[in-house]
Amino acid sequence: MYGLPEGVTLTQVFAVLIPIGVITVALRWLPFAFVSALKGNQFFGLLGRMMPVGVMVVLVVYTLLGKRSAPGGVPAALIGVAVTLGLHAWKRDSGLSILGGTLAYMGLVNLVF
Amino acid sequence: MTAEIRAGIRDSWAVALGLIPLGLAFGLLLTQMGFAWWWAPIFSIIIYAGSMEFLALNLVTAGVGPVSAAVTGLMVNFRHIFYGLTFPRDLVQGGVGRTYSTYALTDESYAIASARPPASGVRVLTIQLFCQSMWVLPGIVGALAGEVIPAGIQGMEFALVALFVVLAWETFRNNRDLSLVLIAAGLAVVAGEYLMIALSAYFLLLLGRHLSPALDRALEWRI
């Protein structure tokens, strides 16, 4: 009725979308309200340098482990990651790397495993 | 005014072109997961942050609660807290314009405004509105396409893994400290499906490195 996947309720969707939406806008607004407190703050500087790469690596592993029950499991996903990394090291074109890695993975799960 | 709008679109063009394939992929994935096409613009308007929207699809189907969602959003989008320090929002006149400018302060609009500092508020808003259109409209197109494509094809959702691989690579280039990669990967493997635990533990580790310069030096491994 609400155009949702089976087993997903409307409450479940908004329980994810609204908190994330509010937090995201708050993060974008904070520096305008507290410029002086944030500028030059050492801990914020450290977070700015060290947080992005770690968060992205956590997300890579988290989404990769999500492939455990898929056909081909984690090995197929690791091959997909290797193709993505290889393409990115070669051309450094984000669109190409994502497309190539995804197609390689799709080929594996649909045709090989 | 028209000249400023045209200049804003010209400044944004290259970056906006890069948003189109990702927007298409997001829409496609959304309908392949079983959402109706019109959920694509709802996702992209409530959470206007590309990679977080992809992740939100996973969080929704995994059934996580609001606190987990908020912590994940905080960690994944934390980088946005730095953008406002230099973004020229002051050029924008009026409360509505400024509110929109804050809401739409994405990686892309920040990057464009940093590379080509806008001369007027009209240009700032043009950049932001153009970027959002180039994200939301392809999302709708991709979602409609996904409703026609048979659902038997598997593996399209791997685009999310590939997206984070690329983002990890790009963020690593800004800070080539291998210890961050290894520690984050280790924490994520241990935490498994509990994303929030991995992210919180990583944050605590960074707090430890801040409080103890000795720990920071011991861990640092630059390549």
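**Nonpolar core and chain A–chain B interface**

In this predicted model, the largest nonpolar core (buried Ala, Val, Leu, Ile, Met, Phe, Trp, Tyr and Cys residues joined through C-beta atoms within 7 Å) comprises 100 residues, and those with the most contacts inside it are Val16(A), Val57(A), Val58(A), Val60(A), Ala56(B), Val161(B) and Phe164(B). A residue is termed buried if 20 or more other C-beta atoms lie within 10 Å of its own, exposed if 12 or fewer do, and partly exposed in between, with C-beta atoms placed from the backbone. Helix α3 (residues 42–65) of chain A supplies the largest share of this core, twelve residues; helices are DSSP runs (H or I, at least four residues) numbered from the N terminus. Because domain 1 (1–39) and domain 2 (52–112) of chain A both contribute residues, the core lies between them. The centres of these two domains, taken over C-alpha atoms, are 27 Å apart; the domain bounds come from an automatic or database assignment.

Residues are numbered from 1 along each chain as its sequence is written, and chains are lettered from A, and ligands numbered from 1, in the order in which they are written. Local features require a pLDDT of at least 70 and side-chain atom pairs a pLDDT of 80 or more, whereas totals for chains, interfaces and linings use all residues. For chain B, the average pLDDT (the predictor's confidence in each residue, from 0 to 100) is 92, and 99% of the residues score at least 70. The complex is assigned an ipTM of 0.90 and a pTM of 0.87.

Between the chains, 76 residues of chain B are in contact (C-beta atoms, placed from the backbone, within 7 Å) with 65 residues of chain A. Helix α8 of chain B provides the largest share of the side that touches chain A, 14 residues. That side of chain B divides into 56 nonpolar residues (Ala, Val, Leu, Ile, Met, Phe, Trp, Tyr, Cys and Pro), 17 polar and three charged (Asp, Glu, Lys and Arg), the others, Gly among them, counting as polar, as computed for the model.

Leaving aside neighbours within four places in sequence, Phe164(B) is in contact with Met56(A), Leu59(A), Val60(A) and Thr63(A). Pro66(B), located in helix α4 (residues 66–76) of chain B, is partly exposed, with 16 C-beta neighbours inside 10 Å. With the same exclusion of neighbours within four places, Pro66(B) is in contact with Ala15(A) and Pro19(A).

Conventions
Helix = DSSP H or I, 4+ residues; strand = E, 2+ residues; numbered from the N terminus. Contact = placed C-beta atoms within 7 Å.
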